Every structure is written in structure tokens, then in C-alpha cells.
Amino acid sequence: MTYSRLFIFMLALSTSLMVACGGGESSSSDSTAKTEEPAAPAIPDAIELAIEGNDAMKYNVDRLEAVEGQEVTLTLTHTGKLAKAAMGHNWVLLAKGTDVAAFGTAAMTATETDYIPADMEDAIVAHTSMVGGGETTSVTFTAPASGVYDFICSFPGHSALMKGTFVSRGR
Ligand code: ZN
């Protein structure tokens, strides 16, 4: 068995060498070098995600995905026209176990920090700044441990409609 495997290996090697030689001698333009695909696609170290918020108090997606440990750059674009004070949007990724309603209530009074409650750092994985119509903002963070997380806009009253699921997949 060992010998036959070795033979097949040698055969394959010599075949590929012949192919390589043949390709070298040929000036044909349609012979393209074939690269071997890895068995499983590699998980990128970093990914970019995008989400939009509008004047109708809605995000354009309710689900985002990453792989745990990935460097995620999330860009939030406010596609509306209303000012930040009237229809501000941000993107807040909440830690597991965070009570979304309780967080929303705490955020309402955090006017000096753009509705990010200062005393609830443990409840937040990552968040963008608050933007108004026509503005864009982004945040870079490490995708948390595999699991399902909630994301919301923490502008007063918005989390009822502006919410979704962030899925961090295991490796
Ligand atoms: Zn909002």
C-alpha cells in the first residue's frame, strides 16, 4: 500500500512536471496555470459590514454575520435627510444577556453621551457614533465569542423598530 501510494504520488508529480514543461514550451495564450484550491476556504482576518438607517426610523437589514475573532469594520450610513437631533441613528451591539428594553430606557437619559449610557459599558460590545441624515460613521471591533447578539439604535424610542441580530459564527 505504501509503495502504491508512493507510485501514484510520483506519477502525479511527473505528470505535473510534464504539464509544467509543456506549458513553458507552449506560447498558447489560452493555457492558464491552475492553482490548487485549499480544502476549506480560509476565514478572512477582517471583514466589512454595512447597514443603513433612514428617516422612517428603520435599518435596511435585520441580520449581520461575522466569525468570532474577526476584525469587523461596520459602516452605518444615514440615508435620510432629517437632522441628528430629530432622527439620529447609531448602531449599538449589545453584550449577551443585556436586557434590550432596560438598555433602551437607560440610553434615553444619556443625552450628553449621544444616548450611550456611560455606566453600562459591560452591556456594549461595540457602538458607532450618532449620525444625522446624509452622514456616515463606522466602528471597528473584534467579533465576540460565537453566539447571537442584539443590535439596536439607542436614540430615544428607536430600538422598538431599529433592532436586529448579529450572529457571530464559531470557527
Ligand atoms: Zn435611530
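The exercises below, each with a worked solution, concern a predicted model.

**Exercise 1. The zinc site**

Find which residues coordinate the zinc ion, and classify the geometry of the site.

Solution.

Step 1. List the donors. The zinc ion is coordinated by Gly88 through O, His89 through ND1, Cys153 through SG and His158 through ND1. These contacts span 2.0 to 2.6 Å.

Step 2. Check the angles. Among the four donor atoms they run from 76 to 128°. Four donors count as tetrahedral if all angles lie between 85 and 135 degrees. The value of 76° falls outside that range, so the site is irregular.

Step 3. Place the donors in the sequence. Their spacing reads G-H-x63-C-x4-H. Histidine 89 sits in the loop between α2 (84–87) and β4 (92–94), and cysteine 153 in the loop between β7 (147–152) and β8 (163–169). These two residues are 64 residues apart, and the pair links distant parts of the chain.

Step 4. Add the accessibility. Histidine 89 and cysteine 153 are both buried.

**Exercise 2. The sheet**

Work out the order of the strands in the five-stranded sheet, and state which strands lie at the edges.

Solution.

Step 1. Write down the order. The five strands run β2-β8-β7-β4-β5 in an open sheet with mixed pairing.

Step 2. Identify the edges. β2 (63–67) and β5 each pair on one side only, and these are the edge strands.

Step 3. Give the twist. From one strand to the next it averages 25°.

Step 4. Look at one pairing in detail. β7 and β8 run antiparallel and are joined by six bridges. Valine 148 has valine 167 in β8 as its bridge partner.

**Exercise 3. Rings around tryptophan 91**

Classify the ring pairs that tryptophan 91 makes with phenylalanine 151 and with phenylalanine 166.

Solution.

Step 1. Choose the two quantities needed. A pair of aromatic rings is described by the distance of the centres and the angle of the planes. The structure holds six aromatic pairs, and two of them are treated here.

Step 2. Take tryptophan 91 and phenylalanine 151. The ring centres are 5.6 Å apart and the planes meet at 40°, so this pair is tilted. Tryptophan 91 is in the loop between α2 and β4, while phenylalanine 151 is in strand β7, 60 residues apart. Both residues are buried.

Step 3. Take tryptophan 91 and phenylalanine 166. Here the centres are 6.2 Å apart and the planes are at 65°, so the pair is edge-to-face. Phenylalanine 166 belongs to strand β8 and tryptophan 91 to the loop between α2 and β4, so the pair ties together parts that are 75 residues apart in sequence.

Step 4. Check burial. Tryptophan 91 has 0% relative accessibility and therefore counts as buried. Phenylalanine 166 is likewise buried, with a relative accessible area of 0%.

Step 5. Put the rings together. Tyr59, Trp91, Phe141, Phe151 and Phe166 form one aromatic cluster.

**Exercise 4. Two residues with positive phi**

For aspartate 114 and tyrosine 115, decide whether each is buried or partly exposed.

Solution.

Step 1. Note the backbone. Neither residue is a glycine, yet phi is positive, about 55° for aspartate 114 and about 65° for tyrosine 115.

Step 2. Locate the residues. Aspartate 114 lies in the loop between α3 (100–108) and β5 (124–127), and tyrosine 115 also lies in the loop between α3 and β5.

Step 3. Apply the cut-off. Buried means under 20% relative accessible area. Aspartate 114 has 28% relative accessibility, so it counts as partly exposed. Tyrosine 115 has 17%, so it counts as buried.

Notes:
Residues numbered from 1 in each chain as written. Predicted model: local features only at pLDDT ≥ 70, side-chain atom pairs only at ≥ 80, totals over all residues. Heavy atoms only, no water. Donors = N, O, S within 2.8 Å, 3.2 Å for Na, K, Ca; no water. Tetrahedral: all angles 85-135°; square planar, octahedral: opposite > 155°, others 65-115°. Helix = DSSP H or I, 4+ residues; strand = E, 2+ residues; numbered from the N terminus. Buried < 20%, exposed > 50% of the residue type's maximum accessible area, 1.4 Å probe, protein only. Pairing = 2+ DSSP bridges. Axes fitted to C-alpha atoms, helices over the stretch in contact; angles between N-to-C directions. Phe/Tyr/Trp six-rings, centres within 6.5 Å; stacked < 30°, edge-to-face > 60°.
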